[in-house]
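Take a look at the model below. We will follow one helix and its packing, then turn to salt bridges.

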Amino acid sequence: MTPSSPCFPLLHKTYYSKALVTPSTSSLNGLFLPSLSTLLSSSFLTPDVVLAGKSSSAGWSKTFVERTLVGEPGGTYKYLGLRIFANPWKEGDASGVRELEGRLRERVGVEYEEEFYEEEVMEAFKKIGEANDSLIASSKAHLSTVSNLPPSHLGSSSYTLTLINLMSPTSLRPDLKTDSTTSTQKSPSKTAVSWHTDSGLQDYSTISVWHHHLPPSPTSSSWKIALRPMPILDVSRKIPPLVYDLEPGGGVYYIFDDMNLRFEHAVLAGKEGERWSSTHRVVKEGGRLEDVLGVCWRGVEDCRKMWRVMVVLEFDWICQWEIQGGLEHRTNVYWRNKFVILSAVLTHFERKRDSEIERLKKVGGKAAAEDWDRIIEYAEARKVEVEKFNARLSSKIYQNLPPESKPTFDGPLDEGGFCKKVRKWKKKYCGEKLTKKEKKGKGSNWEKMKSRF
């Protein structure tokens, strides 16, 4: 249903009141447009490859946008199986991050010459940060008008990063998918971004989206944003979707409170003119540089914790960085610096792993069984992740990317039969192959009991 429908105001007030579409301002446009032009000319936009569904079995899909991420120093955003790494909108890390990074560098013995962004690029990031501050202020002002909750119960509007997308119109992308929910015989709709809710965000936090496209010709369709209830919450389809026209020349729309938890949104492509968008979000805690540095330090300090840390560091951080491709590595100077340290930490852990195995071979006996168990659990966990990433890398989607955007792995990840080797070593030096947990599970009747429930 579109704004021209007589039922639109009532439906918006009844079901969609926590969505707001407003015009932009000349000051916002003045911050965004030159900055985005700089990022485009400096090749910061890369293809977006994400899970086609909610699990890895769904396969991988290339979206119809090109994107880059800008935000607080050390920020990342993980969604649909992909972690992407933010270019910073201000210079310098917090003092605590610098201190922890320095301790890790000293412990693992890594030295490198830090690289910096070109001045024009850094100025573009800073302007995007200024725009973010402006959107935080306007979000908080609007939120007080759409929610009657006290301030202490409102979700956050203190955005930590923005995902910047460039989208092509239907005239340039005839392969965009037709959307059956909003299409009519006279006016078919095609989605530049299909129906979804934004994931990886703090619950009840606000989402704000600045957007811009040039005015279309009088006979051409414009860009639109569509909202509908999540199908699982509206099985009978009693609530019709609403479609909002997006004015050319810049605008901002907001999704407040629980709207993102109960409603999906989609971007319907216009016929002419590319569309920029900058989606400002409050991401969940736990995915920042300081978090992974802290985890690494715990692994450096305590060998018993090292095994789990190794799997997280290798697959949730380093492999996620390598899969971004060479173009991202060349342009994202901040994280290129940081991965020199994180890669050195992983190498340090691997050396400790090898020396720990040699130590346990000399110890022998059942006294070392618990230490062998930790290594076996690490080996099994790594084997699972290797298989997942190799399946991902074998996808035709990655193989068909432009050379500069293809993952930078030399080839398939190699498990090297490590699981079998470790079990043989434990059998040889401890007299048993299974871990304590495995023996407990084997002797338990839990699975038999579950089958009776």
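Within what distance do the axes of α2 and α4 come, and at what angle do they cross? This is a predicted model. In it, the two axes come within 9 Å and cross at roughly 145 degrees. The crossing of α2 and α4 is left-handed.

Which residues make this contact? From α2 come L28, L31, F32, S35, L36, T38 and L39. They meet E120, V121, A124, F125, K127, I128, E130, A131, S134 and L135 in α4. By class, the contact of α2 with α4 has 11 nonpolar, 3 polar and 3 charged residues.

Now consider α2 itself. The helix covers residues 26-41, 16 residues in total. At 1.5 Å a residue, α2 should span 22 Å. Its end C-alpha atoms are 23 Å apart, which agrees with that expectation. Just after α2, S43 takes a positive phi of about 65 degrees.

The buried residues of α2 are L28, N29, L31, F32, S35, L36, T38 and L39. What covers them? The cover includes the helix α4 (119-146). It also includes the strands β3 (60-71), β7 (161-167), β10 (207-213), β13 (251-255) and β15 (275-281).

Next, the charged side chains. The structure holds 33 salt bridges. One of them joins the side chains of K224 and D245, at 3.7 Å from N to O. This pair links distant parts of the chain: K224 lies in strand β11 (residues 224-229) and D245 in strand β12 (residues 242-245), 21 residues apart. D245 is partly exposed, with a relative accessible area of 36%.

A second pair sits within a helix. The side chains of D371 and R374 meet in a salt bridge at 2.8 Å, N to O. Both belong to α10 (residues 369-393). Because they are 3 residues apart in that helix, about one helical turn separates them. D371 is partly exposed, with a relative accessible area of 22%. That value is over the 20% under which a residue counts as buried.

D371 and R374 also belong to a network of salt bridges. The other members of this network are E356, R359 and E370.

One more pair remains to be visited. Is E432 buried or partly exposed? E432 is buried, with a relative accessible area of 16%. E432 forms a salt bridge with K439, and the closest N and O atoms are 3.2 Å apart. K439 is partly exposed, with a relative accessible area of 38%. This bridge therefore joins a buried residue, E432, to a partly exposed one, K439.

How values were computed: Residues numbered from 1 in each chain as written. Predicted model: local features only at pLDDT ≥ 70, side-chain atom pairs only at ≥ 80, totals over all residues. Heavy atoms only, no water. Helix = DSSP H or I, 4+ residues; strand = E, 2+ residues; numbered from the N terminus. Expected span 1.5 Å × (residues − 1). Buried < 20%, exposed > 50% of the residue type's maximum accessible area, 1.4 Å probe, protein only. Contact = heavy atoms within 4.5 Å. Axes fitted to C-alpha atoms, helices over the stretch in contact; angles between N-to-C directions. Left-handed = near helix turned anticlockwise from the far one by under 90°. Nonpolar A, V, L, I, M, F, W, Y, C, P; charged D, E, K, R; others polar. Salt bridge = Lys/Arg side-chain N within 4 Å of Asp/Glu carboxyl O.
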